[in-house]
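Please work through the exercises below with the sequence and the 3D view open beside you. Each exercise gives a task and then a solution in steps.

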Amino acid sequence: MLTHNVAAPSSLCPILSNDWHFHVSDQLIFPHNLNPNLFWRASRKIKGCRLKASFWESIRSGILKNNTTQIVEPPSTLEEEEEPLPDEFVLVEKSQPDGEIEQIIFSSGGDVDVYELQALCDKVGWPRRPLSKLAAALKNSYMVAALHSVKKLPGSEGNEQKRLIGMARATSDHAFNATIWDVLVDPSYQGQGLGKAMVEKMIRTLLQRDIGNITLFADSQVVEFYRNLGFEPDPEGIKGMFWYPRY
């Protein structure tokens, strides 16, 4: 049981290198067989308030300790967005000797082509899932983040090659809790920090929406990868529970 607090990610700005215009030290490995439950917890000030409550207290933050009186807050006078605002920016850029430029673009809030997603799942060795269920999962997610590779030659405007190379999504109750699912990156782009940047951006967006309990499921060999991003396996002895039919 590991319960180690780490700081929230402070920046998505990577260190420049001679190749991909940034350098990272982590190796990207992405989960498919889901085993331990990981919880993200902050140990720095967020919106001026330090998180002092225990994990369960933070989950029950809408209820007083005597568990009999509900905290009622006055309605906000600000118009709140139900979902994170769409976002898109160039994460990295690489120039080839022939003048071709490749950009890796992060986006959220846009549509992800289910056929491209299925092909990406094939590349990382995940079993195929029905396209109708993939589409439903994307539609019903609170946030969908995508990485696209865009290749273009100088003077070839409108003739760009764009393909999906990474994706992750999060479900949420829009108030307290969120769970990150399906983090995957094209094997030919792994080891370059793209998955790390994508997950960090998702965490930051969820925190900006005042959603502080962030969880995910990870295969055993990627626990350390997510621990470096601030996730804790089994905080305070809490276990993820799975239901299985008894027949």
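The exercises that follow concern a predicted model, and they go from the whole chain to single residues.

**Exercise 1. The chain as a whole**

Task: Describe the make-up of the chain, and state which stretches have a pLDDT that stays under 50.

Solution.
Step 1. Begin with the elements: the chain has five helices and eight strands, and when they are read along the sequence they follow the pattern β-α-β-β-α-α-β-β-β-α-β-α-β.
Step 2. Turn to burial and contacts: 41% of the 247 residues count as buried, and among contacts between residues at least 6 apart in sequence, 71% join residues at least 24 apart.
Step 3. Check the confidence of the prediction: the average pLDDT of the chain is 76, and 67% of the residues score at least 70.
Step 4. Locate the stretches asked for: pLDDT stays under 50 over residues 1-35, for which the model has 108 contacts beyond four places in sequence, and also over residues 42-53, for which the model has 18 such contacts. Where pLDDT is low, the predicted coordinates should not be read in detail.

**Exercise 2. The two ends and the buried side of helix H2**

Task: Find which residues of helix H2 are buried, and work out how they are placed around the helix axis.

Solution.
Step 1. List the residues: in H2, which spans residues 114-123, the buried ones are Val114, Leu117, Gln118, Leu120 and Cys121.
Step 2. Consider their directions: because these residues cover an arc of only 160° around the axis, they are on the same side of H2. An α-helix has 3.6 residues a turn, so residues three or four places apart point the same way.
Step 3. Ask what this side meets: the buried residues of H2 pack against helix H3 (131-139), strand S5 (161-172) and strand S6 (177-185).
Step 4. Look at the ends: Asp113 caps the N-terminal end of H2, with a side-chain oxygen 2.9 Å from the backbone nitrogen of Tyr115, while H2 is followed by Gly125, whose phi is positive, near 85°.

**Exercise 3. Gln118 in its surroundings**

Task: Decide whether Gln118 is buried or exposed, and name the residues that it contacts beyond four places in sequence.

Solution.
Step 1. Compare the value with the cut-off: Gln118, a residue of helix H2, has a relative accessible area of 12%, and buried means under 20%, so Gln118 is buried.
Step 2. Name the contacts: leaving aside neighbours within four places in sequence, Gln118 is in contact with Arg128, Arg129, Leu131 and Leu134.
Step 3. Add the distances: the side chains of Gln118 and Arg128 are joined by a polar contact of 3.3 Å, and the C-alpha atoms of Gln118 and Arg129, which are 11 residues apart along the chain, are separated by 7.9 Å.

**Exercise 4. Strand S3 and its partners**

Task: Establish which strands pair with strand S3 and in which sense, and explain why S3 is described as largely enclosed.

Solution.
Step 1. Take one partner: strand S2 (residues 87-95) pairs with S3 in the antiparallel sense over eight bridges, and the two form a hairpin with five residues between them, where Gly99 in the turn has a positive phi of about 95°.
Step 2. Take the other partner: S3 and strand S4 (residues 143-152) also pair in the antiparallel sense over eight bridges.
Step 3. Follow a row of bridge partners: Phe89 has Phe106 of S3 as its bridge partner, and Phe106 in turn has Leu147 in S4.
Step 4. Account for the enclosure: seven of the eight residues of S3 (residues 101-108) are buried, so the strand is largely enclosed by the rest of the structure.

**Exercise 5. Ser149 and its polar contacts**

Task: Identify the side chains with which the side chain of Ser149 makes polar contacts.

Solution.
Step 1. Place the residue: Ser149 is found in strand S4, and at 1% relative accessibility it counts as buried.
Step 2. Give the polar contacts: the side chain of Ser149 is joined to that of Glu102 by a polar contact of 2.5 Å, and to that of Tyr189 by one of 3.4 Å.
Step 3. Widen the view: beyond four places in sequence, the residues in contact with Ser149 include Gln103, Ile104, Gln161 and Ile165.

**Exercise 6. Aromatic rings**

Task: Characterise the pair formed by Phe225 and Tyr226.

Solution.
Step 1. Set the scene: the structure holds five aromatic pairs.
Step 2. Describe the geometry: Phe225 and Tyr226 form an edge-to-face pair, at 4.9 Å centre to centre and with 80° between the planes.
Step 3. Add burial: Phe225 is buried at 8% relative accessible area, and Tyr226 is buried at 1%.
Step 4. Note a cluster as well: Trp181, Phe217 and Phe242 form one aromatic cluster.

Technical notes
Residues are numbered from 1 along each chain as its sequence is written. Side-chain values use heavy atoms; hydrogens and water are left out. Buried means under 20% relative accessible area, exposed over 50%, partly exposed in between (1.4 Å probe, protein chains only). Helices (H or I, at least four residues) and strands (E, at least two) are DSSP runs, numbered from the N terminus. The arc is that of the directions from the helix axis to the C-beta atoms. Contact means heavy atoms within 4.5 Å. A polar contact is a pair of N or O atoms within 3.5 Å; within protein, one must be able to donate a hydrogen and the other to accept it, and residues adjacent in sequence count only if both atoms are side-chain atoms. Rings of Phe, Tyr and Trp (its six-membered ring) pair if their centres lie within 6.5 Å; planes under 30 degrees apart count as stacked, over 60 as edge-to-face and the rest as tilted. pLDDT is the predictor's confidence in each residue, from 0 to 100. Two strands pair if DSSP finds at least two bridges between them.
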